[in-house]
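Subject: Handover of a structure and its findings

Dear colleague,

I am handing over to you the structure shown below. Please look through it before reading the notes that come after it.

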Amino acid sequence: MVDLESEVPPLPPRYRFRDLLLGDQGWQNDDRVQVEFYMNENTFKERLKLFFIKNQRSSLRIRLFNFSLKLLSCLLYIIRVLLENPSQGNEWSHIFWVNRSLPLWGLQVLVALISLFETILLGYLSYKGNIWEQILRIPFILEIINAVPFIISIFWPSLRNLFVPVFLNCWLAKHALENMINDLHRAIQRTQSAMFNQVLILISTLLCLIFTCICGIQHLERIGKKLNLFDSLYFCIVTFSTVGFGDVTPETWSSKLFVVAMICVALVVLPIQFEQLAYLWMERQKSGGNYSRHRAQTEKHVVLCVSSLKIDLLMDFLNEFYAHPRLQDYYVVILCPTEMDVQVRRILQIPMWSQRVIYLQGSALKDQDLLRAKMDDAEACFILSSRCEVDRTSSDHQTILRAWAVKDFAPNCPLYVQILKPENKFHIKFADHVVCEEEFKYAMLALNCICPATSTLITLLVHTSRGQCVCFCCREGQQSPEQWQKMYGRCSGNEVYHIVLEESTFFAEYEGKSFTYASFHAHKKFGVCLIGIRREDNKNILLNPGPRYIMNATDTCFYINITKEENSAFKNHDHQKKSNVPRSFYHGPSRLPVHSIIASMGTVAIDLQDTSCRSASGPTLSLPTEGSKEVRRPSIAPVLEVADTSSIQTCDLLSDQSEDETTPDEEMSSNLEYAKGYPPYSPYIGSSPTFCHLLHEKVPFCCLRLDKSCQHNYYEDAKAYGFKNKLIIVAAETAGNGLYNFIVPLRAYYRPKKELNPVILLLDNPPDMHFLDAICWFPMVYYMVGSIDNLDDLLRCGVTFAANMVVVDKESTMSAEEDYMADAKTIVNVQTLFRLFSSLSIITELTHPANMRFMQFRAKDCYSLALSKLEKKERERGSNLAFIFRLPFAAGRVFSISMLDTLLYQSFVKDYMISITRLLLGLDTTPGSGFLCSMKITEDDLWIRTYARLYQKLCSSTGDVPIGIYRTESQKLTTSECREIASQSQISISVEEWEDTKDAKEQGHHRSNHRNSTSSDQSDHPLLRRKSMQWARRLSRKGPKHSGRTAEKMTQQRLNLYRRSERQELAELVKNRMKHLGLSTVGYDEMNDHQNTLSYILINPSPDTRLELNDVVYLIRPDPLAYLPNSEPSRKNSICNTMVQDSREETQL
């Protein structure tokens, strides 16, 4: 056997295990050399320099000791003056010789020796080759003057009473104080305010001047008036303050000369100090100074970080933030890298804001600026993106860096971040609350096409308006003469609130009962609308979980009401029964409302009329009698306390038929085309998966192009496809990832297949492959490269038979020299669309809410001018939503994404608002949570009559919860407007009967006067226009024979003729372009418009609100999948499992 130990060489001593335990004992015999490294040279001078100069803490102690010595020397001088007896006579010897006691002389000698030794040592340590630079320094010269005479007097006793100007040591003390402050900043690693340093230097300079003048005057007047120190102080103060009483004046020429010299020095030194102080003050006004640590620890404050502060953004934040009563004691610290502009400065000087808002100029990427804002003590930090930047991605990058910097500096500070692009959202997942602008924007635009005015509904819910004010006269629109404005303004005050079930008066009695039962009876009894719930052990909010959900005592209830329950007072009224009037009949207007709101002492009192649960199918809901016979209305089933499985319907209430109700043949054909599942590809990371209608196979990219034929189809325009439903057209600049959120709600699984509208994307720039790969799985989604500026592009994409036209604000136009001009191009383009296609429903996004008044602008419309005056009055009264009465906004045809900034601000108080809004918009899908939809009231539905009965019908049949009404009614026109419309209708009928050929030569002349600029391509006038103009000229020639009233009527008729001719001219232009493009003109309706109608929203109306024809009711419908067995989805969607797996794999980083 081979000896292994003899073959393997032993390890070196330093690698042996024995040496690891016992230590290496063989290093003495090793050839290694131990080397010591020093940060400084190992010399005596460098060691002294390290101790006296370089080391901050030891240098600070040295300078503090030096400062104390200088003050002690000045104190010894004052003691010598006070102990000295003034000698008689005016000899000059009294100037050069003083009386100094021996102990006092000894102390001054000791101080002089220490000071001179320290000065020489510091001069030696700071010597750099030029000795004259050290000698000629003013501090060194003063030290020699004050110390050397005392040292000489040790060896020459006769000089012990020699006068030495020791009071000049005050200037050396000032110099030591400045150095000490610098060392203090270095020692504690903190930079104090430059303003504080400059003020300290100014005060010390002024004190040194006064002290020098006092001591100099007192000493020089030893041969004059024999002034004491107090008289000298009085003289200096009077002289430097330019008062000059003249009761104390110097007598000797030497003292007079000294006073002149001191005044000259003061005139040179003090202005320099004041100039620096003023400069620092102005800079501090620009930068904003600091927020003190004491205030941060004793008071509550939030920090607002923005890249540029605009007046609109500031006022929106302040008005919404301070709208909540419990935030009145909070301070707002604004951290902005740019200088405060004039408008913001003017606003912050208002006393209401100057005491609450602190502006700091600085960057969130600097720890010093975050320390100035006391970010670590802040209650929250709001980080907003600049949406006016040309490069929105770059703006998001800046926001991400700010969020990272704040999280690194203050990890415990809650973050509220606004981001623009959805693909950048996953970088800030750590933030407590995130609002992605493009996600919310496109989701609202999509729901506007399904549920009208969803954008207005969401905006009113997330805003704090005066509609919730307890005083009725203070609410928006309550002083308006029109009823719709009063109702609209009152209902706009509804907001979303929350409360725990067991602590609630509204919902405590419904513990153990179904959700729909609690929602209906709470609305019937209190007028509140219960919309959602959250379990104690679950963070997810469920909107309308359905009748199967049983309420628990620990559940958090979310409800819509004028005010929260904590601000309400409840008043019970005894129900009075009348024997002579049976309750089984409907009493019309004399019936008391179910709930009423009474303003009382800052609270809301709610009358509880009748707490008993009456059956809705009883005689109370009977119809009025017709003749002598009573006709019963169809009965409404009561809402059950516990849901009955057999009574739950997954279909719509009245007319919304799902695809499950189709015939077997139709179901078979539809299943061959579409499937339900999760989209297999998401264009960005962080998108919430949504169950949608999908194709079995993705469409080739060439087939997605609407206006280009390919080998798979030969269609080149929207008309050729033969779509059964009307189109939804989206006009955008680029196909960003946010546009994906527009398509998903329109293809959600709960939408019936027969109601799916084709979606046409009208893009200025071609989309990239990633976006096409995401949309190619959705049915009936196409794109076309074009612009709304071009009429041909609009006609090709099918604008003539589109249900909705969505115009998205272009990013390239968001930045303009004048801020409010950023929407100019969009507004003019939409106005052109409105004139050319008056029957088209146009939904527009603007950058600035103030520009909404220009949408569908009519310069001579009296009703619009009246609404403009109303808006100004509401703004003067302090309304945050003065623009809500503008007809385009009230009807949901325009909105601004900046109005959703308040969603982020409200989440500071209501941390659930972002989650609820995302659920309403379909951005998030939680199992068991409902979705927002709508239904339309038809003639067959008017038997329900009131909103309360509709609430009961929905809850008892389908489990839907209504939250509001979208109502459309005709405008109330004035008498003159009615006459104008009547005369216009008469002209349109009788003008065709006129035939006049006498003035054929004048047609060309009058034709040029009445032609619109948009009809330059038209060659001839329509026949109706020519006859109308001839008849109008004939009437004008006969004008003098008529009376004044007839002449006025004819003038109006001529104006109406011109208007009608202009409309027909525009219609002829559109038809000519359609013929030129080879498109059929069938279906183009040039005269149908909505100029005489207005629409508005009633959020959570009172139970006794009457339903009207064509009302659209907003519903929160339960999740249909919650009622299906587990095997049902898998049976219907066999391809969905693979799609979901692919989706999850492709969205991973």
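The notes below cover the basis of the model, two sheets, one helix pair and the annotated spans.

This is a predicted model, in which local features need pLDDT of at least 70 and side-chain atom pairs count only at pLDDT 80 or more, while totals for chains, interfaces and linings use all residues. Residues are numbered from 1 along each chain as its sequence is written, and side-chain values use heavy atoms, with hydrogens and water left out.

Helices (H or I, at least four residues) and strands (E, at least two) are DSSP runs, numbered from the N terminus. Two strands are taken to pair if DSSP finds at least two bridges between them. Axes are lines fitted to C-alpha atoms, for helices over the stretch in contact, and angles run from 0 to 180 degrees between N-to-C directions. Contact means heavy atoms within 4.5 Å.

One open sheet has six strands, paired in parallel, in the order β3-β2-β1-β4-β5-β6. Its edges are β3 (357-361) and β6 (433-436); each has a single partner strand, so one side of each lacks a neighbour in the sheet. From one strand to the next, the twist averages 15°. Strand β5 (residues 415-419) is joined to β6 by four bridges, and Val417 stands opposite Val434 in β6. Helix α18 (residues 392-409) lies across β4 (380-383) and β5, at about 170° to β5, whereas helix α19 (residues 437-450) lies across β5 and β6, at about 55° to β6.

Another open sheet, also of six strands with parallel pairing, has the order β18-β17-β16-β19-β20-β21. Here β18 (781-785) and β21 (894-896) are the edge strands, each pairing on one side only. Four bridges connect strand β19 (residues 802-807) with strand β20 (residues 841-846); Ser841 in β20 is the bridge partner of Asn804. Helix α28 (residues 824-836) lies across β19 and β20, running at about 175° to β20.

The axes of helix α20 (residues 454-462) and helix α32 (residues 913-921) come within 12 Å and cross at roughly 165°. The two helices are therefore roughly antiparallel (an angle over 145 degrees). Their contact is made by Thr454, Ile458, Leu461 and Val462 of α20 and by Met913, Thr917, Leu920 and Leu921 of α32.

Finally, an unreviewed UniProt entry places the feature "transmembrane region" at several spans, including residues 139-159 and 199-217; such annotations may be inferred rather than shown by experiment. Residues 139-159 are 81% helix and 0% strand, with end C-alpha atoms 24 Å apart. Residues 199-217 are 100% helix and 0% strand, with end C-alpha atoms 27 Å apart.

Yours sincerely

Key:
Parallel < 35°, antiparallel > 145°, perpendicular 65-115°, else oblique.
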